[in-house]
Every structure is written in C-alpha cells, then in structure tokens.
Amino acid sequence: MKHVAEALEQANVGKVWVEEPLAKHTTWRIGGPADLMIQPTDKEALIRAVQIIHQHEIPWTVIGRGSNLLVRDGGIRGAVFKVAQGLSHCEFQGETVCVGAGYSMVRLAVEAGKQGLTGLEFAGGIPGSVGGAVYMNAGAHGSDLSRILTSAEILFNDGETKIVSKEEMQFSYRTSLLQKRKGIVIEATLQLQTGDRREIAKSLAKFKDRRLSTQPFNSPCAGSVFRNPPGDHAGRLIEASGLKGFTIGGAQISEMHANFIVNRGGATATDVLTLIEYARATVQKNFNVDLHTEVLVIGEG
Ligand SMILES: Cc1cc2nc3c(=O)[nH]c(=O)nc-3n(C[C@H](O)[C@H](O)[C@H](O)COP(=O)(O)OP(=O)(O)OC[C@H]3O[C@@H](n4cnc5c(N)ncnc54)[C@H](O)[C@@H]3O)c2cc1C
C-alpha cells in the first residue's frame, strides 16, 4: 500500500495514513487498522483520491466521525475515506444551507440557531458528520434529516457525481438510498425556516439537558446500539431483561441507558459483538422480539 500512499500524497489529496488504527477514529475507541486511510481536504481532493484508488483496483469504505460504527478487531482491508474535518464548508443563503459532508451536525445545529433558523434543533446532540447523517437519516426528538434535506451531491462508485433529490434518497427510519447504492456524500442542501433565536436556543438546551441526564455521553459509545422495534423501545426491552450493567470484557450495557454499550476501557469489537448477541438472544427469549442493530458493523474479525 506504500506506493499507493505515495501516489495519493503526490496528488495532494489531504492526510494519508498507512495501517491506521480505526480505534482513533471511532467514538467507541474500538477498531483494528485500515490498510490505507485518506482524509480529503475538499471535493476536488476527494475525487482525485477516488480515481487513484479505482486505478489501483483497491476496495474502499467511507466513514465520517465514526459515531455509529463498530469496526471489527481485524480492521479494514483496502482504503478508508474519512470525510470529516475536510469537506467542511457551510454557506447560509436565506433559509437554505449548503453544507459539506464533513461538517459536524452539532456545530451545524448551533450555527443555524445563531442565524435564527429552525429545523435543526433535533441534531444538537448527534455527534456525527453531515455525510453520516445523510447515510443514516439521523434523527431524534421526533425529527430526522429527511424533514429538511432538499438534495445531496453524491459521488457514486461508478465515478459519477450526481445531485440526488430528497425523493430519490428513499429515506425512512435510519435508512437511505446509500445503504443500497454505494456512494460518498459530498454536500447536502437543507431547507430551514426562520424562527425565534431565543426559542431555538431554548430547544437546543432542553434537548441537551435531556441527553446529559439519560445518556452516557462521557463514556466511549456509539449511541443507540439497536433500532427501536415497531411500537416499543429497544432500551426498555433490554432493561426489563435485567441487563443494565451487564459486562463482557471491557464492554458494558450502560447503567444509564440500556440501549447504549460503553467501552469501560480496553473493550474489543469481539467483546461488544458478544454482548450484542447476548442482549439480542435474551430479549428474543423474554419478549419474542427480534432486535436489529442500528450501529453498523464493518471490517474483518
Ligand atoms: C452519544 C451518541 C448519541 C447519538 N445519538 C444519536 C441520535 O440521537 N440519533 C441518531 O440518528 N444517531 C445518533 N447517534 C449515532 C450517530 O451519531 C449517527 O448515526 C450519525 O449520523 C453518524 O454519523 P458519522 O459521521 O459518525 O458516521 P459514521 O459512524 O462514520 O458512519 C456511519 C455510516 O455512514 C456512512 N457515511 C459516513 N460519512 C459518509 C459520507 N460522506 N458519504 C456516504 N456515507 C457516509 C458510513 O459509510 C457508515 O455506513 C449517536 C451517537 C453517539 C455516540
């Protein structure tokens, strides 16, 4: 991979790492090494980097801020594009905002509030990137990205860059087109509404307080581990199964919120996966409900 890394560096695509531990790039602080990792500075750098990776016929994966990812202990073969820090422009024009995929959702919610624009308050506690939020249709407090997105610019695996409309994005609960068709979000265009600055700030503060009192924000974690089953909450089912605090290796079902697994120090992906399977089997046995993970598991065991 060293010769590919050199070619990428010569093409001035941004930061390039070889054998980079993903544990440094996920909020769980877990994950084996990526053969090659690239953090493109901007759209042009990303396109150049993708071309080089395609020329060398190397498989690729994209990550944002790693806040919804469990990377297995064997790491990721091929190249990982880290679309965070770079591609982080943000332009407000009236009630519309065009924002780079690497921009932080938390920062975006705060910036929109400062502009007196409402619609992004739900995102004030979602520690991911805009690109990750588009991929996941991230949401909270009864709203999600699909409510405000009008279009996204996406670089597809065939090398084509396209503006994809909200309808074409096929959003539903924590899903989007990108889970069926491989691509990299470059930019999103969002439609907000003029609101009252003080009311927006109040909502952001209220949601923040609620999170701080119900979620283990200070421990390495990846948000909700399981999707909520129809008409119920995964956290309620796990808690009712008596699993709060249950620990395997360094991974623990949070004492604070049963749908969170925290890394208590030195947890491996294998610890987390074993705990996930245990919680799933216990809930299945107790309630006959099949839980599915919201966190995405990638890489090799
Ligand atoms: C404490 C905490 C609280 C959370 N609360 C919530 C919540 O309330 N609601 C919620 O929905 N989520 C929540 N999450 C989960 C997570 O923040 C979201 O899913 C977020 O949208 C993931 O963004 P990311 O940049 O971290 O993506 P990553 O975790 O890096 O990646 C997630 C997926 O998105 C894809 N992806 C990332 N960037 C791009 C891109 N540019 N182009 C194409 N695909 C891309 C990746 O390939 C991967 O499949 C929480 C997480 C934590 C740690």
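These legends describe close-up views of a predicted model.

**View 1. The annotated domain spans residues 30-195.**
The name comes from a UniProt record, an unreviewed entry, which reads "domain: FAD-binding PCMH-type". Helix makes up 18% of this span and strand 37%. The C-alpha atoms at its two ends lie 40 Å apart.

**View 2. Cys90 and Cys98 are not joined by a disulfide.**
A disulfide is a covalent bond between the sulfur atoms of two cysteines. How many disulfides does the structure hold? The count is 0. Cys90 is in no disulfide, and the nearest cysteine sulfur belongs to Cys98, 9.0 Å away. Why is there no bond for Cys98? The closest cysteine sulfur, in Cys90, is 9.0 Å from the sulfur of Cys98, and that is too far for a bond. The cut-off for a disulfide is 2.5 Å. Cys90 has 24% relative accessibility, so this residue counts as partly exposed.

**View 3. Trp60 and Phe81 form an edge-to-face pair.**
A pair of aromatic rings is described by the distance of the centres and the angle of the planes. The structure has 2 aromatic pairs. In the pair of Trp60 and Phe81, the ring centres are 5.9 Å apart. The planes meet at 65°, so the pair is edge-to-face; that label needs an angle over 60 degrees. The pair links distant parts of the chain, 21 residues apart. Trp60 belongs to strand β3 (residues 60-63), and Phe81 to strand β5 (residues 76-82). Are these two residues buried or exposed? Both Trp60 and Phe81 are buried.

**View 4. Phe246 and Tyr278 form a stacked pair.**
The ring centres of Phe246 and Tyr278 are 4.6 Å apart, with 10° between the planes. Stacked pairs have planes under 30 degrees apart. This pair, too, links distant parts of the chain, 32 residues apart. Where is Phe246? Phe246 is in the loop between α6 (234-240) and β15 (247-248). Tyr278 is in helix α7 (residues 269-287). Phe246 has 30% relative accessibility, so this residue counts as partly exposed. Tyr278, at 39%, also counts as partly exposed.

**View 5. The charged end of Arg181 sits over the ring of Phe156.**
Look for the end of the arginine side chain and the ring beneath. The charged end of Arg181 is 3.7 Å from the centre of the Phe156 ring.

**View 6. The charged end of Arg236 sits over the ring of Phe287.**
How far is the charged end of Arg236 from the centre of the ring? The distance to the centre of the Phe287 ring is 5.9 Å.

Key
Residues numbered from 1 in each chain as written. Predicted model: local features only at pLDDT ≥ 70, side-chain atom pairs only at ≥ 80, totals over all residues. Heavy atoms only, no water. Buried < 20%, exposed > 50% of the residue type's maximum accessible area, 1.4 Å probe, protein only. Phe/Tyr/Trp six-rings, centres within 6.5 Å; stacked < 30°, edge-to-face > 60°. Helix = DSSP H or I, 4+ residues; strand = E, 2+ residues; numbered from the N terminus. Lys NZ or Arg CZ within 6 Å of the ring centre and 35° of its normal. UniProt positions renumbered as here; feature names shortened; annotations may be inferred.
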